[in-house]
Amino acid sequence: MEVNWQEVFFTFIGGLGIFLFGLKFMGDGLQKTAGDRLRAILDRFTTNPFMGVLAGIVVTILIQSSSGTTVIVIGLVSAGFMTLRQAIGVIMGANIGTTVTAFIIGFDIGAYALPIIAVGAFLLFFIKKPQINNLGMVVFGFGGLFYGLELMGEGMKPLRELQAFIDLTQSMSEIPILGVVIGTVFTVVVQSSSATIGILQGLYSEDLITLQAALPVLFGDNIGTTITAVLASIGASVAAKRAAMVHVMFNVIGSLLFLILLIPFTAFIVWIDQFMNLNPEMQIAFAHGTFNVTNTIIQFPFIAALAWVVTKVVPGNDVVVEFKPKHLDPNFIEQSPSIALGQAKEEVLRMGQFAVQGLTESFEYLKTKNKKNAELGYQVEDAINNLDSKITDYLIKLSSTSLSAQESERHSVLMDTVRDIERIGDHFENVIELVDYQQANKVKMTDEAMEDLNEMFTLTIEAVSQSIDSLDTNDHDKARSVAEKEDLLDKMERKFRKKHILRLNEGACSGQAGIVFVDIISNLERIGDHSVNIAEAVLGIRN
């Protein structure tokens, strides 16, 4: 029988594409249904490694991607939301959570894939409610996943007649490490262990591969899925590199252990099959689930050791932006409101230092175009937003207690200051986005424009820093100095805007460069306004 290679190839890659699209669409729908709570789940329920495992399972089921969960974890570790030990627990949980996709595939309802897609499309296009649309995404993606599997299965059927393929599967049965390598490489290429496990389930159900050959490929799939985390950590922080290294180590150690125990593990899967009368797809799903659950149970007691090893393998001091408040003890609200007010002030000052840091990072990004400055700036802005929420909640609770007239005044100053610092964060984030735009569109600034921006940026950073210092020490002289600087910033903004119009008229700079320049100085001028608001609150001037 002659194999039509074009038909095999087109059917397989088309099926793979539909499978990956269905998987992503289903994950996006689940994520939207869950709302913006994934990060909150990981933040709140990772108080210890065991809770981290549970959180990792839940989030991975919701987004249908262990790699996606690991990338979120890398961001949280970099942000100081999570310790490396907590992150290891989440990564272990993510590996368990990703097995759910294999169990879904194991139900083998491919015959109903097209009607399921039709139902999903109906919910997406004919009902306007967002919740129903999200459900439509899940259903459509679910149907697409099975339709893609059906196509891949059809594409792979002719391989059973091919002697070279038969020889390869025979070699994998005899040399398990070959199966591990093939599984790893294929998952690295596809960048989805769910897809490669799905393909493996299809091969096994079509009797194209034996169980002895399939299990090592499954181990390799688990190693290959770590590539996404590794790619996400390139050029990132030390914490990010360590989290990615943990993901690699966890799966490599598990694969080596199961390769050593391959014969008893194969016998166990055969016994499960006989006991539960499973279909071929479900046999692979149980093997995948057993591998990840057992691997987690074995390595869980050694989380501290894993953390120690990756700290040695990836040395260095990490720059971590600590998102969480350090001073807001809720016990003080009832027991001693005056101490609670002092604690709130300390946290506001910390938030203010973040504002100075973020503004400095945006200035460095403008000058050097180094992406690390942008990433740190975005992290700092996230930290400011988090502290804004936490401090405001703390101060609202504090307002219901018995405060003296003087304490009430201080309370009002802190409430106003928090709002101003949060707005400063928004403005320096705008500046980073403008530099991103400048980079993406290859917009060139003139030397004169850069000199003007340097001058205005330097004065703005001084104004913000001095306003926070005046709040810290209640120094009225510093507060008045901020007002003078803000007046200078207003004059600078008008002067530089006029100079920019002259440059435009002379053809010295492009229209795009002009837009970036004007928007940056406008944001700096608004930052000056918020700085003077803080200073005026210190002086007792209320707007």
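These are my notebook entries on two loop residues, one buried glutamate and two helix pairs in a predicted model.

**Entry 1: lysine 369**

I looked up the backbone of lysine 369 and found phi near 60°. That is a positive value, and the residue is not a glycine. I then checked where lysine 369 sits: it is in the loop between α19 (337-368) and α20 (371-399). Its relative accessible area is 22%, so I logged lysine 369 as partly exposed. The cut-off for buried is under 20%, so the label "buried" does not apply at 22%.

**Entry 2: the helices on either side of that loop**

Next I took α19 and α20 as a pair. Their axes lie 8 Å apart, and the packing angle is about 160°. Angles over 145 degrees count as roughly antiparallel, so I noted α19 as roughly antiparallel to α20. I also recorded the handedness: α19 passes α20 in a left-handed crossing.

**Entry 3: asparagine 474**

I looked up asparagine 474, which also is not a glycine and has a positive phi, here about 55°. Asparagine 474 belongs to the loop between α22 (447-473) and α23 (476-506). I read its relative accessibility as 47% and therefore entered asparagine 474 as partly exposed. Exposed would need over 50%, so asparagine 474 at 47% does not get that label.

**Entry 4: α21 against α22**

I then turned to α22 and its packing with helix α21 (residues 405-440). The angle between them is about 160°, and I have the axes at 13 Å apart. On that angle, α21 is roughly antiparallel to α22. I noted the crossing of the two as left-handed. I listed the residues that make the contact: α21 supplies Val413, Thr417, Ile421, Ile424 and Val431. From α22 I have Phe457, Val464, Ile468 and Leu471.

**Entry 5: glutamate 525**

Which side chain of opposite charge is nearest to glutamate 525? I found arginine 526, at 5.1 Å. A salt bridge needs a distance within 4 Å, so I entered none for glutamate 525 at 5.1 Å. I marked glutamate 525 as buried all the same. The residue is found in helix α24 (residues 511-539).

I also looked up what glutamate 525 touches, leaving aside its neighbours within four places in sequence. The contacts I wrote down are Met456, Glu486, Asp490 and Glu493. Glu486, Asp490 and Glu493 count as negative in my charge assignment.

Methods
Residues are numbered from 1 along each chain as its sequence is written. This is a predicted model: local features need pLDDT of at least 70, side-chain atom pairs count only at pLDDT 80 or more; totals for chains, interfaces and linings use all residues. Side-chain values use heavy atoms; hydrogens and water are left out. Helices (H or I, at least four residues) and strands (E, at least two) are DSSP runs, numbered from the N terminus. Buried means under 20% relative accessible area, exposed over 50%, partly exposed in between (1.4 Å probe, protein chains only). Contact means heavy atoms within 4.5 Å. Axes are lines fitted to C-alpha atoms, for helices over the stretch in contact, and angles run from 0 to 180 degrees between N-to-C directions. Angles under 35 degrees count as roughly parallel, over 145 as roughly antiparallel, 65 to 115 as roughly perpendicular and the rest as oblique. A crossing is left-handed if the near helix is turned anticlockwise from the far one by less than a right angle, and right-handed if clockwise.
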